[in-house]
Amino acid sequence: MRTTNRSRRWRLPAVVAAVALAISACGPADGPDATGDGAGEVVMVSSQLVPTAEQELMNNEILADFAGSVEFVGLDAGPFNDQIRAQEESGEGEISVIGGLDGEFSSFAADDLLTDLSDVAEDLADLGINETYLEFGKLGTDQQLYIPWMQATYVMAARTEALAYLPDGADINDLTWEQLTEWGANIEAETGERRLGFPAGEDGLLHRFFQGYAYPAFTGGVNTTFTSPEAVEMWNWLADTWQYVNPQSTTYGFMQEPLQSGEVWVAWDHTARLIQALENQPDDIVAFPVPSGPEGKAYMPVVAGLAIPKSAPNVEGAKDLIRYLLSAETQATTLGAVSFFPVIESELPDVGPGLQAEIDAVEAQLNADDALPAYLPVGLGEQGGAYSQVFRDVFQAVVMDGGDAAEALAAQLPNLQAVFEASGAPCWPPDPESDGPCQAQ
Amino acid sequence: MTTRLGWAPYALLLPSALFLAVFFATPMVQAFGLALQQPDGSIGFASVQRMLGDASFSGALLTTLALVVLVIPVQFVLAMSMALVINARLKGQGMWLYVYALPLGISELAAGIVWVSIFTQSGWLNSILMGLGVTDRPITWQSAETPFLLIACIVIAEAWRATSIIMIILVAGLQSIPREFMEAADVYGATNWQKIRRVVLPMLRPSLQVALILRTILAFQVFATVIALAGRGLYVLAGEAQRWATDIDNDNVAAAYAGLILLMSLISTVLFLVLLPTREEHQA
C-alpha cells in the first residue's frame, strides 16, 4: 500500500499523541491523602444506615462537623462481609472504620481481624457509655474489640383513626398479640379494609420480627424452640392475623410510607423506618410499645458498634472518627437525623413530638415488667443471610401459601442447623448458651 | 476479492475479537465455572441442584416465562402501530417520536417506581377509578394474593417502559422499504391491511428478527420492575440470582441462575433465527 506525502505528514503527530496518551494513563496511583488537615481521609464501611436516605443524612448532617473527610459506604450483608475479609486477606486496603452489629463483629473477631480499642474507650470514659454494651464490645475477651455506636429497636405505630377499633378494655400500651389480631379484625369488620401492616417487602425487616419478637414472645426462645408446639401456635396465629393485614405488605420495605398514605393503620417496624411518619403527621400517628406474648414482651435491641480492622490505613483518623461519633453533639444529631438512639449517658436534646413519641415507646418497651430482650444473631458471619432466609421461607410456606406449620418447620430445620454447623455459632439469648454450635430444635 | 485483501480484514477484526474475548467470553466461562463449584471449593453439580431444589425456583421460572410470553406480543403490536404512525409522517410527527421515546430515558427501577405510584392502593389509578365512580373502595392491585393482577401490572409497566426500543428498530426497518413497493401496491388497489400484510411485514422481517431477539433476551432478565411492583410477592430468575448473591451470600447458586438465564436466551435466539429466516429477496 503506497502512502502519499499527505498521509505521511500525519504519522509523526499521531504517534506522538498516542505515546502521550499512554504515558498519562500510567500515572502514579492515588494513595491515601496523608497530608489532609487533622484526620485526613477515613473510609468507613457500614452495614447500618444503608438505605440511600440514611446515607445522605449520614453524609450531610451527622458527619458534617468532622475535621477531616469521611467516605461513608453503606453495604448489604453479603458485600459488607466480602469487602472486609478481602481487605484482610490482601493485607492492605482502604477501610479504616467498620460500622456493624455485634453479631457481625463477633465473627470478625473470631478470625482476629479487629484492633484493640481500649485506649479509645478510656478516652471516652467520662461520656458514660452504656456499661452493658461496652461489655458486649469485648466479645468475651479482655480487649475492647468494638465501641458501641448507637442503638435502635423495633416498635409499633398506629394512625389515630385506628384507635376507635381497639378491642374492649385494651390498653394500647399494654396489648397482647392476640389483641392485635382482634384489633385488625374489628377494623376489617367495620371498614371492610385490611389495615394491619408488616414490612414483608424486598428491603423489609420482617425476619427480625420473627427472630426478636414473635418467636421469643410465644416460645421463650428462637433456635432451640424452632419447631416447638408453641412455635406452631405462633405461626398459626400469624397466618390467622394475615387475613387482616394489607396484602400489599409484600411490597413494603419501610412502613412510614403506607402509614402516611393511610394504606396501613397499624404497623410494626424499625424506629428509623417509622420516624418520618411520626414527624410528618404527629397529630395523626402515634407510637406504642409492641404487644406481649405468653412468654413476655419480647423485643430486639439493635446495638451498632464501631471497630478498626487490623489492616486499616489510617488508624489515627479512624480513632478520631470514633471519638467524634460518640461525642454528645453527634449522638444527639444521630438521634435527630436517623432515629438511632444514643449509647451514652446524656441529656436527650429537645426533640420534636414525633421523635419524642418514639422515645416514649422505646422506653416503655425497655422498662416493661415482662420485658424480654432477644438479641440479634451472634457469630453467623456470612451465614447471616441464609439464617434469615430460613424464617422467610417458613413465612412464605405457612402464611402466604397456606401450608401446614409443623411440616414447614420440620422441612426447614435441617437448613437452620446447616447455618450453625457452617458458622460454628453458639446459641445466643434468649436461647440458653451452648458449648459449640447451637443445636436447633 | 478476498485474495487481494489477504490477512488485512482479519487483522482489522482482531481488536474487536480480543475485546469480546477478554470482556465477554472469559467472564462468561468463569460464571459457568462458578455455577459448577460449591462454596467449599469442590466441583460438581451441587449448586445447580441446590438451585433446582429451591422452594422458589419453579415459581421464579414460571413467572419469568409468563412475563416473557405475555410482554413480547403486546409490545410488538404496540411497537408496530407506533412505528407505522411515525412512518406515516403525520402532522406533528416529530412530537410523536419524542413522546414515544420518552420512557427510554428512564432507568428500569425508576419506571417501576412511577408505576407503583399509579398502582398502589392510595395511588393514581384507584383515585381515578373512585373519582369516576367505577368502584367505591380502593382495589389492591399489587397484592401477592392475586398474582394474575400483579403480573398484569408488571406487563403494563414493562410495555410502557421498553416498547420504544422495538419501535425504533421497526421505524428504521420501515424507512428502508423502497417507496416503489408501496406505490405499486397502491396501483394494484391494495387496502391498508393488505399492504401491511403483503408488503410491509415481509420486508420488515430482518428488523423484526433483530428486535425480537433483542427484546426476548432483555425480557428474560426482567428484574427491577418486578422488585418495585411486587416486592417479595413474585419471584423471577434475575431476582433470585441477586438474592442468592447478596442476601444469602452464595455466589455459586447465583451463577447457576445467571447461567440458566443465559441458556434460555441462547435457546430463544436460535429459535428465532430458525423460525424467522431472512431470505435474500426480502432485503431491500
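**Exercise 1. Getting an overview**

How many helices and strands does chain A have?

*Solution.* Start by noting that this is a predicted model. Going along chain A, you will find 16 helices and eleven strands. Next, look at the space taken up: the C-alpha atoms of chain A fill a box of roughly 95 × 65 × 50 Å along the principal axes. Then turn to burial. Chain A has 441 residues, and 51% of them count as buried. Finally, consider the contacts in chain A with a separation of 6 or more: 76% of these join residues 24 or more positions apart.

**Exercise 2. The five-stranded sheet**

Find the sheet of five strands in chain A and work out which strands are at its edges.

*Solution.* Step one is the order of the strands, which is E2-E1-E3-E10-E4 in chain A. This sheet is open, and its pairing is mixed. Step two is to look for strands that pair on one side only: these are E2 (69–74) and E4 (147–152) of chain A, the edge strands. From one strand to the next, the twist averages 20°.

Step three is a closer look at one pair. In chain A, strand E1 (residues 41–46) and strand E3 (residues 95–101) run parallel and are joined by four bridges. To see one place where they face each other, find A:Met44, which stands opposite A:Val97 in E3(A).

Step four adds a helix. Helix H4 (residues 102–110) of chain A lies across E3 and strand E10 (302–307) of chain A. The angle between H4 and E3(A) is about 125°.

**Exercise 3. The four-stranded sheet**

Now trace the sheet of four strands in chain A and describe how E7 pairs with its neighbours.

*Solution.* Begin with the order, E6-E7-E5-E8 in chain A; this is again an open sheet with mixed pairing. The edge strands are E6 (196–197) and E8 (285–288) of chain A.

Next, take the two partners of E7 in turn. With E6(A), strand E7 (residues 266–270) of chain A pairs in the parallel sense over two bridges, and A:Leu196 has A:Val266 in E7(A) as its bridge partner. With E5(A), E7(A) pairs in the antiparallel sense over five bridges. Here A:Ala157 stands opposite A:Ala267 in E7(A).

Is E7(A) mostly covered or open? Mostly covered, for five of its five residues are buried. Last, find helix H14 (residues 353–366) of chain A, which lies across strand E5 (154–159) and E8 of chain A and runs at about 25° to E8(A).

**Exercise 4. Two domains and their contact**

Which stretches of chain A belong to each domain, and what does domain 1 bring to the contact?

*Solution.* The domain assignment gives domain 1 as 41–152 + 302–349 and domain 2 as 154–300 + 362–423 of chain A. Taken over C-alpha atoms, the centres of these two domains are 28 Å apart. Their contact takes 16 residues from domain 1 and 15 residues from domain 2 of chain A.

Now stay on the domain 1 side. Helix H3 (77–90) and H4 of chain A each supply at least two residues there, and H4(A) gives the most, with five residues. Sorted by class, this side has eight nonpolar, six polar and two charged residues.

**Exercise 5. Where chain A meets chain B**

Which helix of chain A gives the largest share of the side that touches chain B?

*Solution.* First, count both sides: the contact takes 22 residues from chain A and 20 residues from chain B. On the chain A side, H3 and helix H15 (384–400) each supply at least two residues. The largest share comes from H15(A), with five residues. By class, the chain A side has six nonpolar, eleven polar and five charged residues.

**Exercise 6. Backbone details**

Is A:Asp112 buried or exposed, and is A:Leu139 buried or exposed?

*Solution.* Place A:Asp112 first: this residue is in the loop between H4 and helix H5 (118–123) of chain A. Its phi is near 60°, a positive value in a residue other than glycine. A:Asp112 has 9 other C-beta atoms within 10 Å, so this residue is exposed.

A:Leu139 is in the loop between helix H6 (131–136) and E4 of chain A. Phi of A:Leu139 is positive too, near 50°. A:Leu139 counts as buried because there are 22 C-beta neighbours inside 10 Å.

To finish, look at the segment after helix H16 (405–423) of chain A, where A:Pro430 is found. The peptide bond from A:Pro429 to A:Pro430 is cis, with omega near 15°.

Definitions and conventions:
Residues numbered from 1 in each chain as written. Chains lettered and ligands numbered in written order. Predicted model: local features only at pLDDT ≥ 70, side-chain atom pairs only at ≥ 80, totals over all residues. Pairing = 2+ DSSP bridges. Axes fitted to C-alpha atoms, helices over the stretch in contact; angles between N-to-C directions. Contact = placed C-beta atoms within 7 Å. Domains from an automatic or database assignment. Nonpolar A, V, L, I, M, F, W, Y, C, P; charged D, E, K, R; others polar. Buried ≥ 20, exposed ≤ 12 C-beta atoms within 10 Å, placed from the backbone.
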